[in-house]
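Walk through this model from one helix to the next. Keep the sequence beside the coordinates as you read.

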Amino acid sequence: MQRQQSLLALILVLVIAAIAVIATIPIPLGLDLRGGSQLTIQVKPAPGMKEITERELEGVQKVVEGRINGLGVSEPVIQTVGADKILVQLPGVNDPEQAERVLGGTAQLEFRKQKPGTETQLFAFQSSRAELKAKQQELRNSTDKAAINKNQEELQKNNQAILELFESTDPPLNGKYLQDAYGEPTQQGNNWNVAIRFEQKGGELFADLTKNLAGTGRSIGIFLDNELISAPVVGPEFAATGITGGAAVITGRFTPQQANDLGVQLRGGALPVPVEIAEIRTVGATLGKDSIISSIYAGSGGLLLVLIFMILYYRLPGLIANIALIIYAILTWACFALLGVTLTLPGIAGFILSIGMAVDANVLIFERTREELQAGKSLYRSVESGFYRAFSSILDGNVTTVIACAALFWLGAGLVKGFALTLALGVAVSMFTAITCSRTFMFLAISIPALRKPEYYCPNLSASGASNKTEVAQ
């Protein structure tokens with residue numbers, strides 16, 4: 001009895017903790033439930049290439065996956081469409097322009113040296129560019145397409161004018177020499193920089209570049225896809241050797257988001273072939289609020305029918321199974337929240353399927369208990385044997401399901417992984433609730449004199465024949 005009380009206390013603590021987790025940690029929703037951004041990336045043949053092969057398409061897909069991982073988007077969908085397109089779905093990303101900057105940019109990084117005598121021109125163009133960028137922000141929510149197009153044209157002209165003030169090194173110091181790039185806060189903490197590190201050859205080229213520009217007042221032009229992102233000036237103290245060690249910092253008064261995005265682009269490296277964003281749009285929830293509510297009603301209705309059936313067919317054990325099932329649902333939902341599971345329609349399907357398996361475990365236990373009662377055993381021995389005999393069947397069934405889930409998670413992608421994860425978590429929790437919760441509640445029930453009647457556990461059992469064999473261990 002002491003052991004049952006301890007287990008009951010443990011179950012109560014777990015349920016309270018699970019409710020607290022559910023109340024404080026929201027579960028993120030996938031693109032099909034919450035909406036987000038969807039991009040179609042068009043892969044183009046490089047100069048001299050006749051067509052896009054599977055190898056190039058796979059290379060682009062890997063780069064895109066790396067950039068999305070850097071963005072921290074949960075459960076994205078990345079899949080090829082046809083022979084030259086890649087579809088990207090980003091749940092919860094409501095700023096499609098941010099996704100376009102990170103995914104669509106080819107990340108062709110190059111360090112160029114400023115031409116002599118262009119310092120005044122560069123300052124004027126940079127000031128003009130800042131004004132155009134500010135105007136672009138103002139027009140972000142505008143419907144004046146003419147003004148937006150004019151602003152974009154002026155920005156392109158400005159970028160081209162700045163580009164002509166710089167020249168490439170020989171050989172060009174570009175992104176292929178880059179080893180790492182990441183955002184880091186400045187010492188004051190108000191702005192962020194992007195730290196970069198070159199491999200050995202790149203470090204040598206960078207040292208030569210900084211040596212030539214040190215103390216001249218001319219800038220190092222750091223260009224990303226021919227657009228100037230930073231123009232630092234090298235101090236005269238580096239005139240003798242240049243900046244050695246293969247490390248540098250891109251300063252540009254970046255926000256944390258901008259620094260992270262740029263680091264993701266640079267780490268992803270140059271895409272193996274040119275790409276462009278063929279389509280970008282914000283996707284609403286495919287089901288919509290009304291459909292989601294309908295799905296909840298359908299799921300709740302199905303669960304209610306199961307609960308009613310368990311009580312009508314199994315009587316008291318059915319009621320105990322229903323309590324264990326509710327506990328199972330609470331614990332599983334809390335696990336989803338703690339592990340950061342992104343909930344999608346397939347994920348919900350996996351959760352509902354695991355509920356069915358949790359009920360199945362209780363059915364096995366109760367049927368074994370009935371068989372023991374009908375064989376003439378005491379109530380206590382029948383319950384004990386029911387759990388013991390059903391355990392191997394429950395374990396085998398759950399292990400085979402987990403193996404299937406592991407295969408789906410390993411070989412599948414996107415929504416398939418979500419289904420496998422939720423089903424596997426549900427199966428693991430159902431083992432606990434079926435074996436521990438149901439067992440604890442059953443033994444607690446037969447310890448109460450008013451609930452020791454065998455007909456409460458096996459309605460078809462003869463009351464007169466079974467009452468003589470009732471024996472409860474105190």
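Helix α7 covers residues 200-213, 14 residues in all. In this predicted model, α7 reaches 20 Å from its first C-alpha to its last, close to the 20 Å expected at 1.5 Å a residue. Its buried residues are Gly 202, Gly 203, Leu 205, Phe 206, Ala 207, Leu 209, Thr 210 and Leu 213. After α7 comes Gly 215, with a positive phi near 80°.

Helix α1, residues 2-24, can be checked by the same rule. At 1.5 Å a residue, its 23 residues should span 33 Å, and the end C-alpha atoms are indeed 33 Å apart. Buried in α1 are Gln 4, Leu 7, Ile 11, Val 15, Ala 18 and Val 21. An α-helix has 3.6 residues a turn, so residues three or four places apart point the same way.

Now turn to a strand. Strand β1 is formed by residues 36-43, and 8 of the 8 are buried, so β1 is largely enclosed by the rest of the structure. Its partner is β3, residues 85-91; the two run antiparallel and are joined by 7 bridges. Within this pairing, Leu 39 stands opposite Val 88 of β3.

Next come the annotated spans. The unreviewed UniProt entry lists residues 296-314, 319-341, 347-366, 387-413 and 419-446 under "transmembrane region". How much of residues 319-341 is helix in the model? The span is 91% helix and 0% strand, and its end C-alpha atoms lie 30 Å apart. Residues 419-446 are 100% helix and 0% strand, with 39 Å between the end C-alpha atoms.

Which residues have the most contacts inside the largest nonpolar core? They are Leu 325, Ile 327, Tyr 328, Phe 366, Val 383, Met 442 and Tyr 457, in a core of 46 residues. The elements giving two or more residues to this core are α1, α9 (288-314), α10 (316-339), α11 (345-374), α12 (379-411) and α13 (415-446). The largest share, 11 residues, comes from α10. Take Met 442 as an example. Leaving aside neighbours within four places in sequence, Met 442 contacts Pro 317, Ile 320, Phe 366, Val 383, Phe 387 and Tyr 457. Another core lies apart from the largest one; it has 23 residues, among them Tyr 177, Val 194, Phe 206 and Ile 222. Phe 206 is also one of the buried residues of α7.

Cysteines deserve a look too. Cys 405 is buried, at 4% relative accessibility. Cys 437 is buried as well, with a relative accessible area of 0%. The structure holds 0 disulfides.

Tyr 313 sits in helix α9. At 39% relative accessibility, Tyr 313 counts as partly exposed. Its C-alpha is 9.3 Å from that of Cys 458, although the two are 145 residues apart along the chain. Not counting residues up to four places away in sequence, Tyr 313 touches Glu 367, Arg 370 and Pro 459.

Two backbone details remain. Most residues other than glycine have a negative phi, and most peptide bonds are trans. Arg 315 is not a glycine, yet its phi is positive, about 60°. Arg 315 lies in the loop between α9 and α10 and is partly exposed, with a relative accessible area of 42%. The peptide bond from Asp 170 to Pro 171 is cis, with omega near 0°. Pro 171 belongs to the loop between β5 (166-167) and β6 (173-174).

Conventions:
Residues are numbered from 1 along each chain as its sequence is written. This is a predicted model: local features need pLDDT of at least 70, side-chain atom pairs count only at pLDDT 80 or more; totals for chains, interfaces and linings use all residues. Side-chain values use heavy atoms; hydrogens and water are left out. Buried means under 20% relative accessible area, exposed over 50%, partly exposed in between (1.4 Å probe, protein chains only). Helices (H or I, at least four residues) and strands (E, at least two) are DSSP runs, numbered from the N terminus. Two strands pair if DSSP finds at least two bridges between them. The expected span of a helix is 1.5 Å times one less than its number of residues. UniProt positions are given in the numbering used here, feature names are shortened, and annotations may be inferred rather than shown by experiment. A nonpolar core is a set of buried Ala, Val, Leu, Ile, Met, Phe, Trp, Tyr and Cys residues joined through side-chain atoms within 4.5 Å. Contact means heavy atoms within 4.5 Å. A disulfide is a pair of cysteine sulfur atoms within 2.5 Å.
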